[in-house]
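Visitor: Could you take me on a close look at the pockets of this protein? I'm in my first year, so please spell out the terms as you go.

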Amino acid sequence: MNPGAFMRRAIDLARQSVDAGGGPFGAVVVRDGRVIAEGTNAVTSRNDPTAHAEIVAIRAACARLGRFSLAGCEIYSSGEPCPMCLGAIYWARLDRVFYAADRTDAARIGFDDAAIYDEIALPAEERRIPMRRLLTEEAQAVLDAWRDKPDKTPY
């Protein structure tokens with residue numbers, strides 16, 4: 001299959017999600033020219049605000065491959081990944097991202113991520129949702145323990 005065919009599949013999944021009462025987003029993870037996982041927006045059907053199409057597809061791909069790294073894979077999304085999905089894409093180490101509609105297209109229909117992008121740029125103490133550090137030294141001790149653990153699985 002070619003990139004256009006993979007993107008068409010992501011868009012078809014988005015349409016299926018809309019027809020089923022879900023959000024208008026679909027995603028496909030591809031490795032070596034083959035689809036290994038798909039996802040649709042399942043936020044309302046699962047009552048899970050993290051169940052965006054890209055996250056659902058990444059989780060399915062990791063489960064199928066039995067690993068947390070998707071290096072060697074690419075993702076096709078019907079919409080530009082939001083900040084959460086973009087973070088997941090980086091953590092999963094996907095090689096490439098293709099998307100159809102961009103963030104302004106999504107904002108036009110009520111999916112506006114601009115406020116989140118704006119919040120990320122602010123210092124923690126200036127964000128709209130109050131943030132306060134607590135028990136920093138205790139948390140640091142756990143981080144140090146992981147750093148010093150000789151048999152850890154790095155990621």
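Guide: Here is a walk through the two pockets, one after the other, with a short stop at the core. This is a predicted model, where local features need pLDDT of at least 70 and side-chain atom pairs count only at pLDDT 80 or more, while totals for chains, interfaces and linings use all residues. Residues are numbered from 1 along each chain as its sequence is written, and side-chain values use heavy atoms, with hydrogens and water left out.

What's the idea behind the search? Rolling a probe the size of a water molecule over the atoms shows where empty space is left. On a 1 Å grid over the protein atoms alone, a pocket is an open set of points where a 1.4 Å probe fits, with protein on both sides within 12 Å along at least five of seven lines; lining residues have an atom within 4 Å of a point. Grid points are joined across faces, edges and corners, and the volume is the space filled by probe spheres set on them.

Start with the largest pocket, which holds about 270 Å³ of space. Its lining has 17 residues, and Phe25, Asn41, His52, Cys82 and Phe111 sit nearest the centre. At least two lining residues come from each of helix 2 (43-46), helix 3 (53-65) and helix 5 (103-108); helices here are DSSP runs of H or I with at least four residues, strands are E runs of at least two, and both are numbered from the N terminus. By type, the lining splits into seven nonpolar, six polar and four charged residues. Ala, Val, Leu, Ile, Met, Phe, Trp, Tyr, Cys and Pro count as nonpolar, Asp, Glu, Lys and Arg as charged, and the others, Gly among them, as polar.

Now hop over to the second largest pocket, with about 230 Å³ of space. Of its 14 lining residues, Ala14, Pro24, Phe25, Ser78 and Ala101 are closest to the centre. Helix 1 (3-19) gives the most, with four residues, and strand 3 (73-79), strand 4 (96-101) and helix 5 each supply at least two. This lining divides into nine nonpolar, two polar and three charged residues.

Helix 3 also turns up in the largest nonpolar core, where helix 3 gives the most, six residues. A nonpolar core is a set of buried Ala, Val, Leu, Ile, Met, Phe, Trp, Tyr and Cys residues joined through side-chain atoms within 4.5 Å, and buried means under 20% relative accessible area (1.4 Å probe, protein chains only). Among its 20 residues, Val29, Ile58, Ala61, Leu70, Cys73, Ile75 and Leu94 touch the most other members.

Notes:
Buried means under 20% relative accessible area, exposed over 50%, partly exposed in between (1.4 Å probe, protein chains only).
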